[in-house]
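Me: Hi, I'm new to this one. Can you walk me through a few parts of it?

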Amino acid sequence: MSTALKRVISLLLVLFVAAASLVLIPPVNASAASQVKYKVGYSGNYVYLKLIPRNSTNKIYYTTDGTAATRKSTRYKNVLAAKSMSFIRVVEYTKNNKKVASLNIVIKPRVRRPKTSVTSSGNSVYVTLTSATPGAKIYYTTDGSKPTKKSKLYTGAIKCKVGTVIRARAFKKNMNNSKITQYTVKKPATAVTTQPEPSASDPDETVDLTGYIDVETGDNITDDQSGDTYEEPVQPAESDIDGVLRIINEERTKVGVSKLTLDSMLCAAAAVRAKELEKQYSHFRPDGKDCFTVLDDYGIIRNAVGENIAKGMNTMFTPAEVMEKWMNSRGHRNNILSTSFGRVGIGVYKAGSYVYWVQIFTD
C-alpha cells in the first residue's frame, strides 16, 4: 500500500470509545469580510475593546458568558474594559435586522510595566524591580538584549555598575506581557524610585476609562483608578487545568510526541461542555447535537478533533487521578497521545458532590 493511500485512509478513521472520541472533519474556511471590526488597547490594569460598526445605523450586540450573541443580547454602546482574561462574542445587524458580521475574541489585560528602585552602599549600586501586578514574574537583561522568559529571573536586588543598562519585562499567565522597562544605572546619593523609561516607539497609555463598560459587572467605570489599583483575577479551576495540561505533556514527552498548547478558545468551549455534562453525561449535548458542535458555536476551525470526558467525586477526583483513568483507557489514551493534535482545551465544572472534566483536542 502506498504512503499516499495510507495517509488518505488514516484521515477517514473515526474512533468513538465509551468516553473518548476522535473525529476527523474537513477544514472550514472563515471569511474575514464577516468579522466585526475592532480595536484593542491597554491602560493600567485594564484591556479595552472598541467595536466599530460598518455603518452608523448598524447595531452591535455582545455577550461575555460564552453564549451566542443575538439581538436579545446586551447592545454595545460604550467601549468594553476588563481586568482579567475575558471571552466576548459579538454580532452586528443592519437597521433591517440583517446579520452582517460576528466576532469571537479573547481579550487579556497587560501586566504592569516594572518600575526600578535604586540604592547605593559604598561603591556598590543596587537596583530593585517591582510590578504593580500581583504574581507577575520579572525577567531582565544587562547586555542590551530583549528580555524573555529565558532571560534572568528577578529574585532580588541586582548589584550593578554605574552605566549598566537594565531592560526588564513582567510576565503572568492569562495576561499579555508587560512593556519593557529600560533603565541606565546612575549612582544616587540616597534611595531613588524611578518610573519606567518608555521609548518613543513604545509609549505608556494614558487613556481615561471613565464611562467604559466593565465586562465583569456590566457597569460604567465611574472612577478610573486603573493606574493605582489591581484586583487579582479569580480563577478557581486554574490549578486543575494546569495540572491536567502538565500531565498530558509529560505523557506525550515519554513517547516522543510534541507537547500540546493550551488554547484559550478551546478552554472556553471545554468549560461549556463540562457544565453540560451535569445534565447529560455523554458525547452528545443536552439538545441532542454531537459534542463537537460546541466548536462551531465558538467559530473554531479544525481538521482533526477529539473529546475526553470524565466525572467523579468532588473530593477525590484530582488532575492526577482523572489523567490516570484516561491513560488506562485505550480510547482516551489515543486522544491524549495522538500526533494529529497540537492544541487542547480543558474544562472543569464542580456541582454538588461531583466534578466534571473535559478535554477537547484539535490540530
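Reply: Sure. Keep in mind that this is a predicted model. Let's start with one pair: Thr63 stands opposite Arg89, a residue of strand 8.

Me: Which strand is joined to strand 8 there, and by how many bridges?

Reply: Strand 5, residues 59-63, is joined to strand 8 by five bridges. The two run antiparallel.

Me: What about strand 9, how many bridges join it to strand 8?

Reply: Eight bridges join them, again in an antiparallel run. Strand 9 covers residues 99-107. One pair to look at is Tyr93 with its bridge partner Lys99 in strand 9.

Me: How many residues lie between strand 8 and strand 9?

Reply: Five residues, and the two strands form a hairpin. Look at Asn97 in the turn: its phi is positive, about 65°.

Me: Is strand 8 mostly covered or mostly open?

Reply: Mostly covered. Strand 8 spans residues 86-93, and eight of its eight residues are buried.

Me: Which residues point which way from strand 8?

Reply: Ser86, Ile88, Val90 and Glu92 point one way. Phe87, Arg89, Val91 and Tyr93 point the other way, and all of these residues are buried. In a regular strand, side chains alternate between the two faces of the sheet.

Me: New topic. What is the strand order in the open sheet of four strands?

Reply: The order is 3-4-7-18, with mixed pairing. Strand 3 (37-43) and strand 18 (213-214) are at the edges. Each has a single partner strand, so one side of each has no neighbour in the sheet.

Me: And how do strand 4 and strand 7 pair?

Reply: In the antiparallel sense, over three bridges. Strand 4 is residues 46-52 and strand 7 is residues 80-82. Leu49 has Leu80 in strand 7 as its bridge partner.

Me: Now helix 5. Which of its residues are buried?

Reply: Helix 5 runs over residues 319-327, and its buried residues are Pro319, Val322, Met323, Trp326 and Met327. They cover an arc of only 135° around the axis, which puts them on the same side of helix 5.

Me: What does the face turned away from that buried side carry?

Reply: Two exposed residues, Glu324 and Lys325.

Me: Last one. How many disulfides does the structure hold?

Reply: Zero.

Me: Are Cys267 and Cys291 buried or exposed?

Reply: Cys267 is buried, at 14% relative accessible area. Cys291 counts as buried too, at 2% relative accessibility. The cut-off for buried is under 20%.

Key. Residues are numbered from 1 along each chain as its sequence is written. This is a predicted model: local features need pLDDT of at least 70, side-chain atom pairs count only at pLDDT 80 or more; totals for chains, interfaces and linings use all residues. Side-chain values use heavy atoms; hydrogens and water are left out. Buried means under 20% relative accessible area, exposed over 50%, partly exposed in between (1.4 Å probe, protein chains only). The arc is that of the directions from the helix axis to the C-beta atoms. Two strands pair if DSSP finds at least two bridges between them. A disulfide is a pair of cysteine sulfur atoms within 2.5 Å.
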